[in-house]
Amino acid sequence: MFDQGFPLLITEIAAAMGLGTLQTAAIFAVRQGGSSATSLGGGPFIDHLKSYWGLILTACMLGHAVTFAAIGGSPTFALLVVVVFFLSIPGSLWHLPSAAAISQRFPDRRGFAISMHGFGSNLGNVSGPVIAGALLGASFIIWRHVFFIYAGLAVFMSFFVWWSLRGLGREDDSPRTRSLGDQFVSAAALLKNPVVMALIFAALLRGIGLNALFNWTPFYLRETLDMSVLQAGVYYALLTGMGIVSAPLLGWLSDKWGRKAVLVPGFVVAALLSLAVVSVGSSLLLIPVMAGLGLFSFALHQIIQASVLDYVGQGTEATAIGLLFGINGVIGIGSPFLASAIIEHWGGYGTVYYYAGILTLITAVIILMIPLRNPNAVNPAGS
């Protein structure tokens, strides 16, 4: 909910501070940079600190509370950029122990389990833009107030996370924790696996396209189609949250039929829908097109995560997920600036949909060429 409310809030921040597309892109890039640095460096540490996973998740939620409050109180653009960098850290760190724990507990249903983890995220993806839009639509609330509300919610959620997950990673059947040096050696070994690297590259291209859609769609809806902030929030929720419907089904199908059988047609359909957005304009056809895009947004990325985890040994899951997110993030730091240049020089906010569609088609071709393992052979039932 926090993550997908943020791009809509940025439209208000940009208007209030008089930011241009380049300055707005800088906010997105800094957020991406902090996220990628956390993912790359955090993976081996998270695997090494398995017995502290519950406390780490609690600290992540408290970190959100602090950084949201700091954003709400930021008086200048420069300070806002610094705080956004720190905001990206707890959100990125959260994925590492959570994905690792799920992968270890459900090796025979990894695709479905990771997708159900995404199902929870998609509830927030749907509600986030709508809630942010509704709050901003109130005459007595400005964007700063919304971040203070987020901070209060994060404090409340930190108590829930501690109560429910404080024992995560301390299970009696968990293997002996390896040394930190061994974790970094495992990370280097993963980088030598051509299939893992091909999957990371495919996720990179898809991630760049998705980031462009998520970052700039609120601007397209509000400035190009002249929607109200609440109406834009509803349409944006279709793009980000329809994984509620698709994620569990696609995850289950990937376990049953194989990852490639779901990923390739999913990426092709997503690409075609992205290329169709501008042509439908503000007509009612925009509703099914945005909803269709949302069916394949996060859901397919979660299946790529499961594909990578099919190739890693127990005890290195957080390292693998960290590499997947981190490498994509480092290379993708320039993506907001590239999208900004496309918007400025090639026809406005609508051009990002062509940009994302082409990248998604290339991703489909790469996945088609990768010799992925059959998940049923890797993780037989009862293993």
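## Results: an all-residue look at a helical chain

Thr363 takes its place in helix α16, which spans residues 351-369; helices here (H or I, at least four residues) and strands (E, at least two) are DSSP runs, numbered from the N terminus. The structure is a predicted model, in which local features need pLDDT of at least 70 and side-chain atom pairs count only at pLDDT 80 or more, while totals for chains, interfaces and linings use all residues. Residues are numbered from 1 along each chain as its sequence is written, and side-chain values use heavy atoms, with hydrogens and water left out.

With a relative accessible area of 0%, Thr363 is buried; the term means under 20% relative accessible area, with exposed set at over 50% and partly exposed in between (1.4 Å probe, protein chains only). Setting aside neighbours within four places in sequence, Thr363 is in contact with Ala202, Leu205, Arg206 and Phe267, where contact means heavy atoms within 4.5 Å. Helix α16 also holds Leu361, and this leucine counts as partly exposed at 33% relative accessibility. The C-alpha atoms of Leu361 and Ala270 are 8.4 Å apart in space, although 91 residues separate the two in sequence.

Helix α11 (residues 259-280) comes next, as the home of Gly266. Gly266 is buried, at 4% relative accessibility, and is in contact with Phe296 and Leu300 once neighbours within four places in sequence are left aside. From Gly266 to Ser51 the separation is 215 residues in sequence and 37 Å in space, C-alpha to C-alpha. Val278 lies in helix α11 too; with a relative accessible area of 29%, Val278 is partly exposed. Apart from neighbours within four places in sequence, the contacts of Val278 are Tyr220, Gly350, Tyr353 and Tyr354. For one of these pairs, Val278 and Tyr353, the C-alpha atoms are separated by 7.4 Å, with the two positions 75 residues apart along the chain.

Pro90 sits in helix α4, which covers residues 77-105. The relative accessible area of Pro90 is 8%, and the residue is buried. Beyond residues up to four places away in sequence, Pro90 touches Cys60, Gly63 and His64. Arg170 is 80 residues from Pro90 in sequence, and the C-alpha to C-alpha distance between them is 21 Å.

A loop residue offers another case. Asp226 is found in the loop between α8 and α9 (229-241) and is exposed, with a relative accessible area of 66%. Asp226 is not a glycine, yet its phi is positive, at about 60°.

The interior can be described through the largest nonpolar core, which has 116 residues; such a core is a set of buried Ala, Val, Leu, Ile, Met, Phe, Trp, Tyr and Cys residues joined through side-chain atoms within 4.5 Å. Ile71, Phe147, Trp216, Leu221 and Leu286 have the most contacts inside this core. Helix α8 (residues 194-224) gives the most to the core, contributing 17 residues. Phe147 touches Phe6, Leu9, Ile13, Phe68, Ala69, Ile71 and Gly72, not counting residues up to four places away in sequence.

Turning to the whole chain, the secondary structure amounts to 17 helices and zero strands. A compact globule of 383 residues would have a radius of gyration near 21 Å, and the chain agrees with this at 20 Å; the radius is taken over C-alpha atoms, and the globule rule is 2.2 Å times the number of residues to the power 0.38. Along the principal axes, the C-alpha atoms fill a box of roughly 55 × 40 × 30 Å. Of the 383 residues, 56% are buried. Among contacts with a separation of 6 or more, 85% come from residues 24 or more positions apart.

At the surface, the chain exposes about 15200 Å², of which carbon and sulfur atoms supply 71%; accessible areas come from the Shrake-Rupley method with a 1.4 Å probe, and for residues only the protein chains shown count as cover. The chain has 17 positive and 14 negative charges, whose mean positions are 5 Å apart. In this count, Lys and Arg are positive and Asp and Glu negative, while His and the chain ends are not counted; each charge is placed at NZ of Lys, CZ of Arg, CG of Asp or CD of Glu.
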